[in-house]
Amino acid sequence: MAKVIVWNLMTLDGYFEGKEKWDLSFHNDAWGEELDALSKEFGKRAQVLVFGRVTHDGMKAYWTSATAEDGEVTHYMNALPKLVASRSVQSSDWNNTRVTADIVSEIAKLRAAPGKDVLVFGSAELCDTLLKEKQVDELMLAIVPVRLGVGTLFFKAGSERQKLDLLENRPLKNGTVILRYAPAN
């Protein structure tokens with residue numbers, strides 16, 4: 001069966017973006033050869049990339065204008081199938097992208113079939129929905145040793161308590177720690 005894996009970078013105090021939309025400058029504190037290698041691995045293990053509409057818009061703007069020096073990651077970000085959760089738009093002109101208003105059903109179908117991983121990037125609102133609907137097999141977070149103090153929290157207030165089982169903790173040379181969790185049954 002395909003696994004749904006949520007991937008995100010977040011600060012030590014829980015933010016996945018700064019005060020302004022798409023302020024991801026703290027990613028530079030985590031970036032290095034280890035995250036570069038992990039990013040390339042994602043392209044090999046994914047059958048589809050999943051985004052919420054806001055994340056899709058930002059990712060599309062970035063990856064469709066990325067330079068050749070971004071190489072392998074640029075290639076898979078533009079080539080792999082992409083699925084976008086949106087109730088406000090019906091289509092996307094980003095290569096190999098499909099939009100759905102019923103993301104939970106689409107994810108459930110992907111999970112039920114054999115195949116490579118389904119990777120959900122960013123998209124805090126979408127991740128919250130998928131966690132509530134028990135459609136996440138793994139939560140993979142890079143905790144960046146930065147305290148922003150303000151921004152957009154990755155985990156939404158008012159969400160129900162949910163126990164997670166630690167699968168792996170991997171410290172990187174720059175102090176970032178990758179944590180892999182599976183929702184407890």
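# A predicted model: sheet, core and aromatic pairs

Trainee: In what order do the eight strands of the open sheet stand?
Mentor: This is a predicted model. The eight strands form an open sheet, and the pairing in it is mixed. Neighbouring strands are turned by 25 degrees against each other on average, direction ignored. The order is β5-β4-β3-β6-β1-β7-β10-β9.

Trainee: Which strands are the edge strands?
Mentor: An edge strand pairs on one side only. In the order β5-β4-β3-β6-β1-β7-β10-β9, that applies to β5 (97–100) and β9 (164–171).

Trainee: Which residue of β6 is the bridge partner of Trp7?
Mentor: Strands of a sheet pair through backbone hydrogen bonds, either parallel or antiparallel. β1 and β6 run parallel and are joined by four bridges. In β6, the bridge partner of Trp7 is Phe121.

Trainee: And which residue in β6 does Val50 stand opposite?
Mentor: β3 and β6 also pair in the parallel sense, over four bridges. Opposite Val50 in β6 stands Val120.

Trainee: How many of the five residues of β6 are buried?
Mentor: In a regular strand the side chains alternate between the two faces of the sheet. From β6, Asp117, Leu119 and Phe121 point one way, while Val118 and Val120 point the other way, and all are buried. β6 is therefore largely enclosed by the rest of the structure, with the buried count at five of the five.

Trainee: Which residues touch the most other members of the largest nonpolar core?
Mentor: The largest nonpolar core has 26 residues. The elements that give two or more residues to this core are β1 (4–11), α2 (33–45), β3 (46–52), α3 (53–63), α4 (71–79), β6 (117–121) and β7 (138–144). Apart from it lies another core, of 24 residues, with Val4, Phe16, Val50 and Ala124 among them. In the core of 26, the residues touching the most other members are Trp7, Met77 and Phe121.

Trainee: Which residues does Met77 touch, not counting those up to four places away in sequence?
Mentor: Met77 is in α4, where Val73, Thr74, Tyr76 and Asn78 are buried as well. What covers the buried residues of α4 includes α2, β3, α3, β4 (82–85) and β6. The residues that Met77 touches are Leu49, Phe51, Met59, Trp63, Lys82, Trp94 and Phe121.

Trainee: What angle does the direction of α3 make with that of β3?
Mentor: β3 and β4 pair in the parallel sense over four bridges, and the bridge partner of Gly52 in β4 is Ala85. Helix α3 packs on the sheet, touching β3, β4, β5 and β6. The angle between the directions of α3 and β3 is about 110 degrees.

Trainee: How many residues apart in sequence are the parts tied together by the pair of Phe42 and Phe121?
Mentor: Phe42 and Phe121 form a tilted aromatic pair, 5.8 Å centre to centre with 50 degrees between the planes. Both Phe42 and Phe121 are buried. Phe42 lies in helix α2 and Phe121 in strand β6, so the separation of the parts in sequence is 79 residues.

Trainee: Which residues form one aromatic cluster with Phe42 and Phe121?
Mentor: The count of aromatic pairs comes to seven. The cluster that holds Phe42 and Phe121 also takes in Trp7, Phe51 and Trp94.

Trainee: Is Ser86 buried or exposed?
Mentor: Ser86 lies in the loop between β4 and β5. Beyond its neighbours within four places in sequence, Ser86 is in contact with Arg53, Val99, Thr100 and Ala101. A polar atom of the side chain of Ser86 lies 3.0 Å from the backbone nitrogen of Val89. The relative accessible area of Ser86 is 7% and the limit is under 20%, so Ser86 is buried.

Trainee: What does Tyr181 count as, at 22% relative accessibility?
Mentor: Tyr181 is found in strand β10 (residues 177–183). Leaving aside neighbours within four places in sequence, Tyr181 is in contact with Asp137, Glu138, Leu139, Leu164, Asp165, Leu166 and Leu167. Buried would need under 20% and exposed over 50%, so at 22% Tyr181 counts as partly exposed.

Trainee: What phi does Lys134 take, just after α6?
Mentor: In helix α6 (residues 124–132), the buried residues are Ala124, Leu126, Cys127, Asp128, Leu130 and Leu131. Lys134 comes just after α6, and its phi is positive, at about 55 degrees.

Notes:
Residues are numbered from 1 along each chain as its sequence is written. This is a predicted model: local features need pLDDT of at least 70, side-chain atom pairs count only at pLDDT 80 or more; totals for chains, interfaces and linings use all residues. Side-chain values use heavy atoms; hydrogens and water are left out. A nonpolar core is a set of buried Ala, Val, Leu, Ile, Met, Phe, Trp, Tyr and Cys residues joined through side-chain atoms within 4.5 Å. Buried means under 20% relative accessible area, exposed over 50%, partly exposed in between (1.4 Å probe, protein chains only). Contact means heavy atoms within 4.5 Å. Two strands pair if DSSP finds at least two bridges between them. Axes are lines fitted to C-alpha atoms, for helices over the stretch in contact, and angles run from 0 to 180 degrees between N-to-C directions. A polar contact is a pair of N or O atoms within 3.5 Å; within protein, one must be able to donate a hydrogen and the other to accept it, and residues adjacent in sequence count only if both atoms are side-chain atoms. Rings of Phe, Tyr and Trp (its six-membered ring) pair if their centres lie within 6.5 Å; planes under 30 degrees apart count as stacked, over 60 as edge-to-face and the rest as tilted.
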